[in-house]
Amino acid sequence: MKKNLIILIICTLFFSLYSKVMAYDEAKYNVVKKNDIYEIREYSDRLVVQTVSKNGNNSFRKLFSYISGQNENSEKIKMTTPVTQIKKEDEIIMQFFLPPRFNKNNFPNPIRSDLEVKNIEAGFYAVIQYSGRASEKNYIKHKKILENALLEESISIIGAEIRATYNSPFAIPMLRRNEAMFKVSWN
């Protein structure tokens, strides 16, 4: 029993250190409000590469191929976080944020017709952070908590729901960072 506990502690330390070494650049933001449930973030304009599908299958692979050099410049692009998924009606939009060194004039164009580089305009987003698996059930639970908290405070949701993930699938669930987000009207 004691040996199993020691092995678990060693594995936990290894994977937490490994995940920190594998940390990625994150889309920059300023927190303008924070409480026990959520925070309101202000993001500036940022570029994403995105793909739209009916079920999300193969979306990650298509986007990963783009940053791995399958673009017009054959340029490898450093992975950033979060990876986002936006549900709109019967479609899922998956997005990778491009590093800040890219702007509307210097990004490598996708060679696939089902990929697009798009500017996400500056705005305010309400965000709830949670750990654990990035499962649909876990996401829906936290999205509803966020939605109810915003309703109680009369904060208007002006965009589709967004699922954001920050860690690799190999990260220990209790150390994972996941988020549910909504674009909101904020003064």
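Helices here are DSSP runs of H or I with at least four residues, strands are runs of E with at least two, and both are numbered from the N terminus. The model in these views is predicted.

**View A. Helix H3 and the strands it packs against.**
Let's start with H3, which covers residues 136-152. At 1.5 Å a residue, its 17 residues should span 24 Å, and its end C-alpha atoms are indeed 24 Å apart, so the expected and modelled spans agree. Asn138, Tyr139, His142, Lys143, Leu146, Ala149 and Leu150 are the buried residues of H3. These residues lie on the same side of the helix, because they cover an arc of only 130 degrees around its axis. An α-helix has 3.6 residues a turn, so residues three or four places apart point the same way. The buried residues of H3 pack against strands S9 (123-130), S10 (162-165) and S11 (178-184). Lys137, Leu151 and Glu152 are exposed on the face turned away from the buried side. Look just past the end of H3 for Ser154, which takes a positive phi of about 55 degrees.

**View B. Strand S3 between its partners S2 and S9.**
Four residues make up the hairpin connection from S2 (residues 29-34) to S3, and the two strands run antiparallel, joined by 5 bridges. Tyr29 can be found opposite Tyr43 of S3. S3 also runs antiparallel to S9, again through 5 bridges; here Glu39 has Val127 as its bridge partner. Of the 5 residues of S3 (residues 39-43), 4 are buried, so the rest of the structure largely encloses this strand.

**View C. The largest nonpolar core.**
This core holds 15 residues, and Val49, Tyr66, Phe96, Leu98, Phe107 and Val117 have the most contacts inside it. Strand S4 (46-53), helix H2 (59-67) and strand S7 (91-97) each give two or more residues to the core, with H2 supplying the largest share, 3 residues. Zoom in on Tyr66: beyond its neighbours within four places in sequence, its contacts include Val49, Asn71, Ile77, Leu98, Phe107, Pro108 and Val117. Another core, of 14 residues, lies apart from the largest one and has Tyr38, Ile40, Tyr130 and Ile155 among its members.

**View D. Confidence along the chain.**
Mean pLDDT is 88 for the protein, and 87% of the residues reach 70 or more. Among the elements, S9 has the highest mean pLDDT (98) and helix H1 (residues 2-21) the lowest (50). Please read residues 15-22 with care: their pLDDT stays under 50, and the model has 2 contacts for them beyond four places in sequence.

How values were computed: Residues numbered from 1 in each chain as written. Predicted model: local features only at pLDDT ≥ 70, side-chain atom pairs only at ≥ 80, totals over all residues. Heavy atoms only, no water. Core = buried A, V, L, I, M, F, W, Y, C linked by side-chain atoms within 4.5 Å. Buried < 20%, exposed > 50% of the residue type's maximum accessible area, 1.4 Å probe, protein only. Contact = heavy atoms within 4.5 Å. Expected span 1.5 Å × (residues − 1). Arc of directions from axis to C-beta. pLDDT = per-residue confidence, 0-100. Pairing = 2+ DSSP bridges.
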